[in-house]
Amino acid sequence: MKEGIFYITTTLPYVNAEPHIGFALELVQADSMARFRRAQGDEVFFNTGTDEHGLKIYRKAQEAGKDPQTYVDELSQRFKELNRALNLSDANFIKTTDPNHIQAAQEFWKLCEQNGDIEKKLYETKYCVGCELEKTDSELVDGRCPLHPNLEIEVIKEENYFFKFSKYQDRLLELYQERPDFVVPESRLKEIKNFIQEGLNDFSISRLKEKMPWGVPVPGDEDHVMYVWFDALVNYISAAGWPEDKEKFAKWWPVVQVAGKDQTRQQAAMWQAMLMSAGLAPSKKIFIHGFVTADGQKMSKSLGNVIDPFALVEKYGSDTLRYYLLRDIASDEDGDFSEERLRERYQADLANGLGNFASRVSTLAEKTESFDGLEADMEIKDRIEETVRQAAVSAERFKLHESVASIWKLISFGDGYVNEHKPWETNNRQTIFNLVVLLDAVANLVEPIVPEAAGKIKAVFTMKKGKIAKVRKVENLFPRLDA
């Protein structure tokens, strides 16, 4: 693994509906990791985008009375807007209808075919359009997919191309054995190992063009288009320059992937086998997050409880939504969204926590003429160093909620330090400087979480020869919420 180089990607959501809070969670998690690694001095490539082929999208375009390309272009724009709304950092945005990606998917197909891992055969299978996946009877509940109970299971019977997934059973298990942290959390690694140990079936990777024309053409066979998963997964390498820019690809690969728990099989098994077939190194690590529920219920249009991230950003700001998703939704588990809880977090942790601490310290510091010749006390340095260490360890384990909690403990310590030493009475330069150093560290630590607030705090510091020379009063970071 290359030191100082970090490539991270989200999955690519289907553009068959408006962006929802679950994908906003994934975006914020990945962006936070990207910002965290940049703060450590790493060079970072952060990828996201949209998945734009497949039966589900083709049917949605037909329902809307639009040609598929027009339909996906319009909805893809909404996901770009979500990136901006959430204040993502330097995110590359790939569309699977991009010409470069289509070429990469076809080259990848040719490699797998040359290595004897693609064959054509007749098959009959049960298929969930919602998942774009084949389903066995054991995966169905009352004859329906548990993830998409509103959709009828379809039976597909036709001649397709297949990928020899079964060939890679042993190699996948070896990968997990050699790299026990390859899939995080451990429960998801155990889940995928159990799936593979039960035996793998080859999976279909094409569809007849006459039935489903919206896909990447299969090289050498004009009657077939690629199955959406085969095409879409290739984005992780096409985004990094493969196959045209070998130097760029060699620099960035392998990748850290962030994905929802419903994609564990595709990301941790199917894609890894495909990489092995093409002779490419497996991914670096796969972080699996849970689902977001709404006030204890699964979100669905029929229940009317789908949460719009755009509306939340407009009402509370991007920092507030980012903080809530990273702090209150455990990174590796299902989590419940509650607007009431978001408001509580805003008031307690952002307004009365970070905002109040920044205001108190900068107000005191603004009245101090100079900090020349001062060094922070060891107690302060040790607290900061320990917080940095704790946050880094938790982030590496994909427990971002624990990283956030450890950083806010430092803010609480700072508030306690103000109350104990009462610098507004003593005007003690050393005490105030200790607080300034704390505030500077806090601004750096919270930047991956609440980047807008962090930037406003950093802007009040005037540096001279690498040291803090002057501090202005910070603006009100988190104003009082309307009732």
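In this predicted model, K422 sits in the loop that links α15 (400-421) to α16 (423-426). Its phi is positive, about 45 degrees, even though K422 is not a glycine. With a relative accessibility of 34%, K422 falls in the partly exposed class, because that class covers the range between 20% and 50%. N87 tells a similar kind of story: it is a residue other than glycine, and its phi is positive, near 60 degrees. N87 belongs to the loop between α3 (68-85) and β3 (91-95), and at a relative accessible area of 26% it is partly exposed. As background, a negative phi is what most residues other than glycine have, and most peptide bonds are trans.

That brings up the cis bonds. V184 and P185 are joined by a cis peptide bond, with omega at about 5 degrees. P185 lies in the loop running between β7 (183-184) and α6 (186-197). Another cis bond leads from W253 to P254, and here omega is near 10 degrees. The loop that holds P254 lies between α9 (246-252) and β12 (256-260). W253 also turns up in a comparison of positions: its C-alpha atom is 9.4 Å from that of L280, although the two residues are 27 apart along the chain. L280 itself is part of the loop between α10 and β13 (285-289). Its relative accessible area is 16%, so L280 counts as buried, the cut-off being under 20%.

Moving on to the helices, α10 covers residues 264-278. Its 15 residues reach 21 Å from the first C-alpha to the last, close to the 21 Å expected at 1.5 Å a residue. Even so, α10 is not straight throughout: there is a bend of about 25 degrees at W271. Most of α10 is covered, with 14 of its 15 residues buried. Right after the helix comes G279, with a positive phi near 80 degrees.

Helix α1 (residues 21-39) can be read in much the same way. For its 19 residues, a span of 27 Å should result at 1.5 Å a residue, and the end C-alpha atoms are 26 Å apart, which agrees. Of those 19 residues, 17 are buried, so α1 is largely enclosed by the rest of the structure. Just past α1, G41 has a positive phi, about 100 degrees.

Now for the strands. An open sheet is built from 4 strands in the order β5-β4-β6-β8, with antiparallel pairing. β5 (133-135) and β8 (203-204) take the edge positions, and each has a single partner strand, so one side of each lacks a neighbour in the sheet. Strand β4 (residues 118-128) runs antiparallel to β5 and is joined to it by 3 bridges. Across this pair, K126 is opposite K135 in β5, and C128 is opposite L133 in β5. The hairpin of β4 and β5 has 4 residues between the strands, and in it E132 adopts a positive phi near 55 degrees. With strand β6 (residues 154-163), β4 also pairs in the antiparallel sense, this time over 10 bridges. Here Y127 of the pair stands opposite E154 in β6.

Several of these elements come together around the second largest pocket, which has a volume of about 510 Å³. Its lining counts 23 residues, and the closest to the centre are E134, T136, E139, N201 and R265. Two or more lining residues come from each of β4, β5, β8 and α10. β4 gives the largest share, 4 residues. Sorted by class, the lining holds 9 nonpolar, 6 polar and 8 charged residues. The pocket thus draws on strands of the open sheet, β4, β5 and β8, and also on α10, the helix that bends at W271.

Key:
Residues numbered from 1 in each chain as written. Predicted model: local features only at pLDDT ≥ 70, side-chain atom pairs only at ≥ 80, totals over all residues. Heavy atoms only, no water. Pairing = 2+ DSSP bridges. Expected span 1.5 Å × (residues − 1). Bend = angle between axes of the 7 residues up to and from the residue. Buried < 20%, exposed > 50% of the residue type's maximum accessible area, 1.4 Å probe, protein only. 1 Å grid on protein atoms, 1.4 Å probe; cavity = no way out; pocket = protein on both sides within 12 Å on 5 of 7 lines; lining within 4 Å. Points joined across faces, edges and corners; volume = space filled by probe spheres on them. Nonpolar A, V, L, I, M, F, W, Y, C, P; charged D, E, K, R; others polar.
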